[in-house]
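Biologist: I would like to go through this model with you. I will keep asking how each label was earned.

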Amino acid sequence: MSNAPTAPAKANAAPTYRTAKASTSVVGTSAPDEARGAALNFLGKLAGEVSGGTVDLPCFPDVVLKIRRALADPKTTQEKTVKIVGAEPRLAARLLQTANSAAFNQTGKPITDLRTAITRLGHQLVQSAAMGYAVQQMKEEPTLRSISKQLTDLWLESVAVASICMVIARRSKVTPDEAFLTGLLHGIGRLYITVRSVGLAKELTDDLSFMELVSGWHASIGKAILENWGFTEQMAEAVGDQNERDRKHRHEPDLTDVVVAAVALGEVLKMPEPRNVDPTEVASLVALRLTPEECVKVLKHAEYQLGSLQEALGH
């Protein structure tokens, strides 16, 4: 898998923004030119904000976080969840579409009411559908029209990684629905940076050094965002460590291993067939006992279900 990008610098090898809630690594501190310096200042500002507990994501629908908080509260009744979703007709339509999709309704029996849809999907997949709705809404915002293609590409990549996560999780003790949602959220840091970069000088955001810096920063920023949004520690850590291809293992494979493996295989999925995978380059693939042949099978399975997943979640 020599064509896959190398992992960013370790967090302990660079300065780190730290607060009680989160820590966000600062990767690539040299500033060889003005553009790189401006990019570092911009990313440093974002990292400081999210590490301090401020997540300012323009045009992101509030209802998505309302659903997240409701589902995280054990006292929330199903009636309340149905009420929150039902207050936004387009989200309700998205949930029904997801629940009736070939990817998540293998019985083929039509679902016509929200209560049944939410019960059928479960908490993790309801949040996955809500994220699909959120990205679609953001793409339609006039103020974000300039990055519509970037949002589409990022979403399609996220669905692909989520699909691989779900396939790998079924070969481990990790819950497939949780793995799917985490894979879907693995690019939330990149989404955040992309949206917040609207309005910056085009020479800056189109610069290759900016793209490289984003690749090194987005995972730790994504981790801080999930911590602030109240996602589980396991999910936040998996997103933060998604590029740790040489992580050490003392126990059986966990959610982080599934995400690391899926992100690595997601890079391979972009390549034309025949695809060659060397699991020894990614410790998590070894820990998951995925041979080169099994990695190819995982990719084929994930690719097979991509069409129905994209239809279910929107693209």
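Modeller: Helix α6 (residues 148-169) packs against helix α8 (residues 188-196) at an angle of about 180 degrees, with the axes 11 Å apart. This is a predicted model: local features need pLDDT of at least 70, side-chain atom pairs count only at pLDDT 80 or more, and totals for chains, interfaces and linings use all residues. Residues are numbered from 1 along each chain as its sequence is written, and side-chain values use heavy atoms, with hydrogens and water left out.

Biologist: Why are α6 and α8 called roughly antiparallel?

Modeller: Take the axes as lines fitted to C-alpha atoms, for helices over the stretch in contact; angles run from 0 to 180 degrees between N-to-C directions. Angles under 35 degrees count as roughly parallel, over 145 as roughly antiparallel, 65 to 115 as roughly perpendicular and the rest as oblique. The angle for α6 and α8 is about 180 degrees. The pair is therefore roughly antiparallel.

Biologist: Which residues of α6 and α8 meet?

Modeller: Gln-150, Leu-151 and Leu-154 in α6 meet Arg-190, Leu-191, Thr-194 and Val-195 in α8. Contact means heavy atoms within 4.5 Å.

Biologist: What makes α6 a helix with close to the expected span?

Modeller: Helices (H or I, at least four residues) and strands (E, at least two) are DSSP runs, numbered from the N terminus. The α6 run has 22 residues. The expected span is 1.5 Å times one less than the number of residues. For α6 that gives 32 Å, and the helix reaches 31 Å from its first C-alpha to its last.

Biologist: What makes α6 mostly covered?

Modeller: Of its 22 residues, 16 are buried. Buried means under 20% relative accessible area, exposed over 50%, and partly exposed in between (1.4 Å probe, protein chains only). Cys-165 has 0% relative accessibility, so it counts as buried.

Biologist: Cys-295 is buried too. How do you know how many disulfides the structure holds?

Modeller: A disulfide is a pair of cysteine sulfur atoms within 2.5 Å. The structure holds 0 disulfides. Cys-295 is called buried because its relative accessible area is 0%.

Biologist: What makes Leu-299 count as buried?

Modeller: Leu-299 has a relative accessible area of 1%, so it is buried. It is found in helix α14 (residues 292-313). Not counting residues up to four places away in sequence, it touches Ile-164, Leu-265, Val-268, Leu-269, Arg-275 and Val-277. Arg-275 is 24 residues away in sequence, and the two C-alpha atoms are 9.2 Å apart.

Biologist: Gly-307 is in α14 as well. Why is Gly-307 called partly exposed?

Modeller: Its relative accessibility is 44%, so Gly-307 counts as partly exposed. The C-alpha atoms of Gly-307 and Ala-102 are separated by 9.7 Å, with their positions 205 residues apart along the chain.

Biologist: Is Gln-127 buried or exposed, and how do you know?

Modeller: Gln-127 is buried, because its relative accessible area is 6%. Its place is in helix α5 (residues 114-139). Leaving aside neighbours within four places in sequence, Gln-127 contacts Arg-68, Leu-71, Leu-181 and Phe-231.

Biologist: What about Ala-72 in helix α2 (residues 62-72)?

Modeller: Ala-72 has a relative accessible area of 46%, so it is partly exposed. Ala-72 and Phe-231 are 159 residues apart in sequence and 8.3 Å apart in space, C-alpha to C-alpha.

Biologist: What makes the backbone unusual at Cys-59 and Arg-289?

Modeller: Most residues other than glycine have a negative phi, and most peptide bonds are trans. Phi of Cys-59 is near 70 degrees, a positive value. Arg-289 is not a glycine either, and its phi is about 60 degrees. Cys-59 is in the loop between α1 (34-51) and α2. Arg-289 is in the loop between α13 and α14. With 67% relative accessible area, Arg-289 is exposed, while Cys-59 is partly exposed at 28%.

Biologist: What makes the bond joining Glu-273 and Pro-274 cis?

Modeller: Omega is about 0 degrees there. Pro-274 is found in the loop between α12 (255-269) and α13 (283-287).

Biologist: How many helices and strands does the chain have, and how much is buried?

Modeller: There are 14 helices and 2 strands. Buried residues make up 53% of the 315 residues.
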